[in-house]
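Reader: I have not looked at this structure before. Could you take me through it in short questions and answers?

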Amino acid sequence: MKCPRCESDKIKKIADAPVGNAWEIHVCEKCWYSWRSTESPVVIDKFKLDDEKIAKMGVIPPIPPLKK
Ligand SMILES: [Zn+2]
């Protein structure tokens, strides 16, 4: 199994359906994309990630302190 967004094969299962093995949820350990086994996720090229894009990603800006 490969990540639909970054093609990594480091995928782990993080959850099972509570009843009847109806589905599993998998997550990519590289870009944290996650999906349910009953979906067939397709990521269009524009939103695909590779090592270069991941390295250039910005940090989420911190939330400024509340004004008093
Ligand atoms: Zn990924």
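Reader: Which pattern of helices and strands does the protein follow along its sequence?
Author: This is a predicted model. The protein holds one helix and three strands. Read along the sequence, the pattern is β-β-β-α.

Reader: What radius of gyration does the protein have, against the 11 Å that the globule rule gives for 68 residues?
Author: The C-alpha atoms fill a box of roughly 50 × 35 × 20 Å along the principal axes. The protein is more spread out than a compact globule, because its radius of gyration is well over the 11 Å of the globule rule. The value is 16 Å.

Reader: How much of the protein do buried residues make up?
Author: A residue counts as buried if 20 or more other C-beta atoms lie within 10 Å of its own. Of the 68 residues in the protein, the buried share is 4%.

Reader: Among contacts between residues at least 6 apart in sequence, what share joins residues at least 24 apart?
Author: Two residues are in contact here if their C-beta atoms lie within 7 Å. Of the contacts between residues at least 6 apart in the protein, the share that joins residues at least 24 apart is 34%.

Reader: Which strands are the edge strands of the sheet?
Author: The sheet is open, with three strands in the order β1-β2-β3 and antiparallel pairing. An edge strand pairs on one side only. The edge strands are β1 (11–16) and β3 (34–36).

Reader: By what angle are neighbouring strands of this sheet turned against each other on average?
Author: The angle is taken with direction ignored. On average, neighbouring strands of the sheet are turned by 25°.

Reader: How many bridges join β1 to β2?
Author: Strand β2 covers residues 24–28 and runs antiparallel to β1. One of the pairs is I11 with its bridge partner C28 in β2. In another place K12 stands opposite V27. The number of bridges joining β1 to β2 is five.

Reader: Which residue of β3 stands opposite V27?
Author: On the β1 side, V27 of β2 stands opposite K12. Strands β2 and β3 run antiparallel and are joined by three bridges. In β3, the residue opposite V27 is S34.

Reader: Is W32 buried or exposed?
Author: W32 lies in the loop between β2 and β3, and the hairpin of these strands has five residues between them. Its phi is positive, about 65°, although W32 is not a glycine. A residue is exposed if 12 or fewer other C-beta atoms lie within 10 Å. W32 has 10 such atoms, so W32 is exposed.

Reader: What is phi of E7 near?
Author: E7 lies in the segment before β1. With 14 other C-beta atoms within 10 Å, E7 is partly exposed. Its phi is positive in a residue other than glycine, near 70°.

Reader: How far apart are the C-alpha atoms of P65 and R5?
Author: P65 is in the segment after α1 (51–56). P65 has 6 other C-beta atoms within 10 Å and is therefore exposed. Along the chain, P65 and R5 are 60 residues apart. Their C-alpha atoms are separated by 34 Å.

How values were computed:
Residues are numbered from 1 along each chain as its sequence is written. This is a predicted model: local features need pLDDT of at least 70, side-chain atom pairs count only at pLDDT 80 or more; totals for chains, interfaces and linings use all residues. Helices (H or I, at least four residues) and strands (E, at least two) are DSSP runs, numbered from the N terminus. The radius of gyration is taken over C-alpha atoms; the globule rule is 2.2 Å times the number of residues to the power 0.38. Two strands pair if DSSP finds at least two bridges between them. Axes are lines fitted to C-alpha atoms, for helices over the stretch in contact, and angles run from 0 to 180 degrees between N-to-C directions.
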